[in-house]
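Grab a coffee and open the viewer: here are some short exercises to work through. Try each task yourself before reading the solution below it.

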Amino acid sequence: MKRLLAAFAAGVPLAAAICLPTSASAATAAPFTCASSISVKAPDGTAVESVTAERREAGTVHVPPVTPLPAVDVPDVPAHCAVTVTLTHPGVGDHAKVQVWLPEQGWTGRFQAVGGSAFAAGDYGAALAGAVKTGYAAATTDAGVSTYIDTGWALNSAGAVNTALLKNFADRSQHEMTLVAKQVIDEVYGKPASYSYWNGCSTGGRQGYMEAQRHPGDYDGILANAPGINWDEFEVATLWPQVVMNQEKNYPAACEFNLFNQAAVKACDALDGARDGIVGDPAKCAFDPRKLIGQTVECDGVKETISAADAAVVRKIWDGPRTPSGKKLWYGVPIGATFDLAATVPGDDGKRVGQPFPVPAAWVQTWLKRQPSFDLTTITYAQFAELFKQSQAEYDAVIGTDDPDLSGFRKAGGKLLTWHGQADQLIPTLGTVDYRERVERRLGGSRRVDDFYRLFLAPGVNHCGSGGTAPVPTDALGALTAWVEQGKAPRTLSAAAKDASGKTVTRELCLYPSVSRYTGHGDLADAASYRCVQPRH
């Protein structure tokens with residue numbers, strides 16, 4: 001579970017440390033002012049509680065541990081000014097902290113905002129430091145809420161949902177942070193930023209889409225990966241594997257789930273023309289888990305035999321949540337993704353019991369049931385369907401982040417770039433695909449949408465590319481800046497990874513809906529051996 005939490009928290013764009021700008025000359029020298037006397041006009045509806053500024057010498061930035069992540073040190077960070085602006089909404093009693101870090105020298109003229117992960121609205125220093133290292137002025141906000149998995153802020157003293165803080169987390173604070181950061185940049189450098197970018201994954205990806213939907217003029221470019229859009233649906237849907245195990249009263253061991261995964265990958269590996277251990281299009285994989293019934297596998301020294309009940313659990317998890325009558329509610333765990341959402345632990349009697357992932361567990365217990373200690377094991381299939389509908393009804397307008405009308409963003413000249421791993425174990429990739437297709441229907445088809453919004457799917461890549469051996473984009477932010485500043489729309493995204501033997505594997509990720517196909521000759525680990533083609537229906 002700790003590894004899984006770290007994977008989710010990796011949605012914080014640590015990649016900012018390696019996403020080097022591809023162009024844009026350094027800004028001309030201007031007076032650099034780092035002082036608490038910086039003037040900040042409060043965004044509408046807010047009041048500025050405090051402004052502090054601290055000049056920090058060049059060196060290593062130490063980021064303390066924040067559960068579930070350990071401490072991290074970011075070396076070679078240049079001297080910079082760290083400005084903190086605390087905002088409040090009068091009458092609400094919230095305190096949203098905005099951090100803006102500005103390099104003392106070598107500023108490229110660019111502003112980069114970095115998003116959050118899980119229930120954290122922003123960054124704790126690693127992504128800010130990475131952005132400063134590459135010449136950006138950077139900003140983030142905590143939205144007045146808490147850390148990755150601390151949801152103590154969700155309910156007020158009366159046990160009702162704290163709607164003000166939820167609004168901060170969903171949308172309001174990131175927009176206000178943007179307005180504040182742009183003012184601070186202008187004050188410190190004596191000139192405004194030439195270009196503004198959003199960079200986030202997971203929750204940070206959702207925030208990027210919210211900016212495009214509701215505040216289309218905030219950013220010139222938005223990099224929003226593995227985005228937690230369709231929040232009101234997918235958060236409930238990702239509890240489905242636990243509901244299935246509880247209802248079927250069957251809890252396969254992790255190694256049994258791994259056996260199903262390995263068999264499916266083996267069966268569908270060659271669909272893209274290459275046997276490379278990566279399923280190119282999980283949605284086209286029709287592997288039947290019942291084929292493993294009767295096979296044995298050793299789990300922690302104990303021999304387990306795959307049963308029909310095990311296969312039924314796996315089939316339901318892959319298929320995704322449905323109503324008792326069979327109506328599809330949302331997408332399931334993609335074939336090829338790990339079964340982390342079906343985690344188990346030994347119970348009091350030594351038998352396996354479910355261990356829900358904290359994020360969907362908290363969403364259901366706190367925001368839907370209003371009972372943080374609610375026993376999730378009691379949820380029936382019928383009750384699950386009701387919770388799914390409740391989440392849609394109560395929270396879509398607040399945090400759904402699935403409005404397909406991006407006409408304002410298109411009109412503002414913005415560019416939206418997204419990549420999403422097709423083995424994402426936490427946020428179903430098909431939810432992002434569904435959103436993209438709805439945008440196409442709303443705004444005139446794929447070619448017109450490609451003018452400002454491009455999606456790339458990454459075969460075999462897990463949530464935010466936080467581990468594994470499948471090729472992950474190496475410089476998506478650079479691709480975005482080239483698109484915004486030079487008009488070079490990316491047709492592919494370069495990706496790379498080390499395989500199990502340590503060999504570098506490269507790919508060019510294809511612009512959706514194109515898919516990668518092996519040419520039939522050449523090194524399977526070399527991007528040159530593949531080409532992008534239109535999918536066969």
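A residue counts as buried when its relative accessible area is under 20%, as exposed when that area is over 50%, and as partly exposed in between. Keep in mind that this is a predicted model.

**Exercise 1. A threonine in a strand**

Task: Find Thr84 and decide whether Thr84 is buried or exposed.

Solution. Start with the location: Thr84 sits in strand S4. Next, take its relative accessible area, which is 19%. The cut-off for buried is under 20%, so Thr84 counts as buried. Finally, look at the surroundings. Setting aside neighbours within four places in sequence, the contacts of Thr84 are Ser50, Val51, Thr52, Lys97, Val98 and Gln99.

**Exercise 2. The sheet around that strand**

Task: Work out in which order the strands of the open sheet are arranged, and which strands stand at the edges.

Solution. Trace the sheet from one side to the other: its 9 strands follow the order S1-S4-S5-S7-S6-S8-S9-S14-S15, with mixed pairing. Now check the ends. Strand S1 (47–56) and strand S15 (453–458) each have a single partner strand, so one side of each lacks a neighbour in the sheet. From one strand to the next, the twist averages 15°.

Then zoom in on one pair. S6 and S7 run parallel and are joined by 3 bridges. Ala113 has Ala139 in S7 as its bridge partner.

Two helices can be placed on this sheet as well. Helix H4 (residues 203–214) lies across strand S8 (195–201), strand S9 (221–225), strand S14 (415–421) and S15, at about 140° to S8. Helix H12 (residues 429–443) lies across S14 and S15, and runs at about 155° to S15.

**Exercise 3. A covered helix**

Task: Say how many residues of helix H2 are buried, and what covers them.

Solution. Begin with the count: H2 spans residues 126–133, and 7 of its 8 residues are buried. By name, these are Ala126, Ala127, Leu128, Ala129, Gly130, Ala131 and Val132. Next, ask what lies over them. The cover includes strand S2 (59–63), strand S3 (72–77), strand S4 (80–88), strand S5 (96–103), strand S6 (110–114) and strand S7 (137–141). Last, follow the chain just past H2, where Gly135 takes a positive phi of about 90°.

**Exercise 4. Salt bridges across the chain**

Task: For the salt bridges of Arg507, Arg352 and Glu394, find the partner of each and classify the residues as buried or partly exposed.

Solution. The whole structure holds 19 salt bridges; take these three in turn.

- Step one: Arg507 pairs with Asp276, and their closest N and O atoms are 2.6 Å apart. Arg507 lies in strand S18 (residues 504–510) and Asp276 in the loop between helix H7 (254–268) and strand S10 (296–299), so the pair ties together parts that are 231 residues apart in sequence. Arg507, at 10% relative accessibility, counts as buried, while Asp276, at 23%, counts as partly exposed.
- Step two: Arg352 meets Glu304, with an N to O distance of 3.4 Å. Arg352 belongs to strand S13 (residues 352–354) and Glu304 to strand S11 (residues 302–305), 48 residues apart. Arg352 is partly exposed at 32% relative accessibility, whereas Glu304 is buried at 18%.
- Step three: Glu394 pairs with Arg370, the closest N and O atoms lying 3.1 Å apart. Glu394 is in helix H10 (residues 381–399) and Arg370 in the loop between helix H9 (358–368) and H10, so parts 24 residues apart in sequence are tied together. Glu394 has 35% relative accessibility and counts as partly exposed; Arg370, at 31%, counts as partly exposed too.

As a bonus, salt bridges with shared partners connect Arg55, Glu57 and Glu104 into one network.

**Exercise 5. The whole chain**

Task: Compare the radius of gyration of the protein chain with that of a compact globule of 537 residues.

Solution. A compact globule with 537 residues would have a radius of gyration near 24 Å, and the chain has 23 Å, which agrees. Its C-alpha trace spans about 75 × 65 × 45 Å along the principal axes. The secondary structure comprises 14 helices and 20 strands. Now return to burial: buried residues account for 56% of the 537 residues. Of the contacts between residues at least 6 apart in sequence, 70% join residues at least 24 apart. Finally, the accessible surface is about 21,300 Å², with 50% of this belonging to carbon and sulfur atoms.

Conventions
Residues numbered from 1 in each chain as written. Predicted model: local features only at pLDDT ≥ 70, side-chain atom pairs only at ≥ 80, totals over all residues. Heavy atoms only, no water. Buried < 20%, exposed > 50% of the residue type's maximum accessible area, 1.4 Å probe, protein only. Helix = DSSP H or I, 4+ residues; strand = E, 2+ residues; numbered from the N terminus. Contact = heavy atoms within 4.5 Å. Pairing = 2+ DSSP bridges. Axes fitted to C-alpha atoms, helices over the stretch in contact; angles between N-to-C directions. Salt bridge = Lys/Arg side-chain N within 4 Å of Asp/Glu carboxyl O. Rg over C-alpha atoms; globule rule 2.2 N^0.38 Å. Areas by Shrake-Rupley, 256 points an atom, 1.4 Å probe, with all protein chains shown as cover.
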